[in-house]
Amino acid sequence: MTINTYYGPEGHGPYELYDIGTLDLEDGDAIQNCQLAVATHGTLNAAKDNAILVPTWYSGTSKIIEQVYIGTGRALDPAKYFIVVVNQIGNGLSTSPHNASDSQSGPRFPRVRIGDDVRAQHKLLTERFGIRSLALVVGGSMGAQQTYEWAVRYPDMVKRAAAIAGTAKNTEHDFLFTETLVDAITTDPGYKDGNYGNSAEVAAGLKRHAKMWTVMGWSTEFFRAGRHRALGFDSMQAFVDNFMTGYFAPMDPNDLLSMAWKWQRSDVSRNAGGDLSAALQRVKAKTFVMPISHDMFFPPADCQAEQELIPRSEFRPIASIDGHLALFGTDPEFLAQVDTHLRALLATSD
């Protein structure tokens, strides 16, 4: 276990830590006393049928979900719904490489898959909150991967699902994209095979990681339109140094790598012997597939190909030149479209 002051309620709270006990992992290991960091908004009604689950994305925590997507008058309105935001395993708040017990800390942290996260969340919701029905599961990027896993693995529990900027099965192309993000960190001599003392020792690798995100997370149109300047940065260099590098620099490299491994191997077809069509045919939820028009990680064509395999689904693309990182809430028009689609989805009968 290492100390990293970036992670904690001061910057990412409020949230509660729930110990769900031993989590047996799909790849054969187990996490003892697995802790999930959970932020809730609103009140669970007597029928316990107004719950919405929001899983987090790569590097993100419950705080950005609260700041960008939840609020009175929004689609995710805590006055109407009990909104549960669960920080994925490995994100720094829930059990992660940097805060795990010594036998599993750092590079010794076991391999965790999307399915492991979803089983952990299911245990939390059913055993701690008594929830047996979810009005909606919604997530972006890795949150979308978890959304699909929920809809396939627990079809009778998920009434509605919204997958934003993510796929049910990661593509080979995206796997390679993500590998460049991994390499940016692991090729830094300061990484020391994961045995560094603190994040500052891997500063060069984290900066390369941030640069790769700058190239791939936004879009060429974003920069052509000067959107980085509209966000308050007078040059590309300032944007890279102050926004992108500033965002990633304090994070734990092993935490990021744990999430990246999971992201690369997201695949709901594992629930159906490798048959993606059969897996997606299990979905009973009314499903909106919501790619972002200029996303280079999860382009709309990849998302639409999957949507066509899902019963009771609709293709609801979102237009934004901000690309994948429109998820950060940088584009008000993106957020308006998300709310419009989610309101429509929540208005459907289950």
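Two residues are in contact here when their heavy atoms lie within 4.5 Å. With that in hand, let us walk through this predicted model, starting at a glutamate.

E306 sits in helix α12, which spans residues 300-307. Is E306 buried or exposed? Its relative accessible area is 4%, so E306 is buried, the limit for that label being under 20%. Setting aside neighbours within four places in sequence, E306 touches Y148, T167, A168, K169, L276 and L280. One of these partners, T167, shows how the chain comes back on itself: E306 and T167 are separated by 139 residues in sequence, yet their C-alpha atoms are 7.5 Å apart in space.

Next, on to the strands. Strand β4 covers residues 35-41 and is mostly covered, with five of its seven residues buried. What does β4 pair with? The table lists two pairings, each with a bridge that belongs to it.

| Strand paired with β4 | Sense | Bridges | Residues opposite each other |
|---|---|---|---|
| β1 (residues 16-19) | antiparallel | four bridges | D19 and Q35 |
| β6 (residues 82-86) | antiparallel | four bridges | I83 and H41 |

In these pairings, Q35 of β4 is the bridge partner of D19, while H41 stands opposite I83 in β6.

Finally, a look at the rings. The model holds 27 aromatic pairs, counting ring centres within 6.5 Å. Among them is the pair of Y6 and Y7, whose centres are 4.9 Å apart and whose planes meet at 80 degrees, an edge-to-face arrangement. Y7 has a relative accessibility of 11% and therefore counts as buried.

Conventions. Residues are numbered from 1 along each chain as its sequence is written. This is a predicted model: local features need pLDDT of at least 70, side-chain atom pairs count only at pLDDT 80 or more; totals for chains, interfaces and linings use all residues. Side-chain values use heavy atoms; hydrogens and water are left out. Rings of Phe, Tyr and Trp (its six-membered ring) pair if their centres lie within 6.5 Å; planes under 30 degrees apart count as stacked, over 60 as edge-to-face and the rest as tilted. Buried means under 20% relative accessible area, exposed over 50%, partly exposed in between (1.4 Å probe, protein chains only). Helices (H or I, at least four residues) and strands (E, at least two) are DSSP runs, numbered from the N terminus. Two strands pair if DSSP finds at least two bridges between them.
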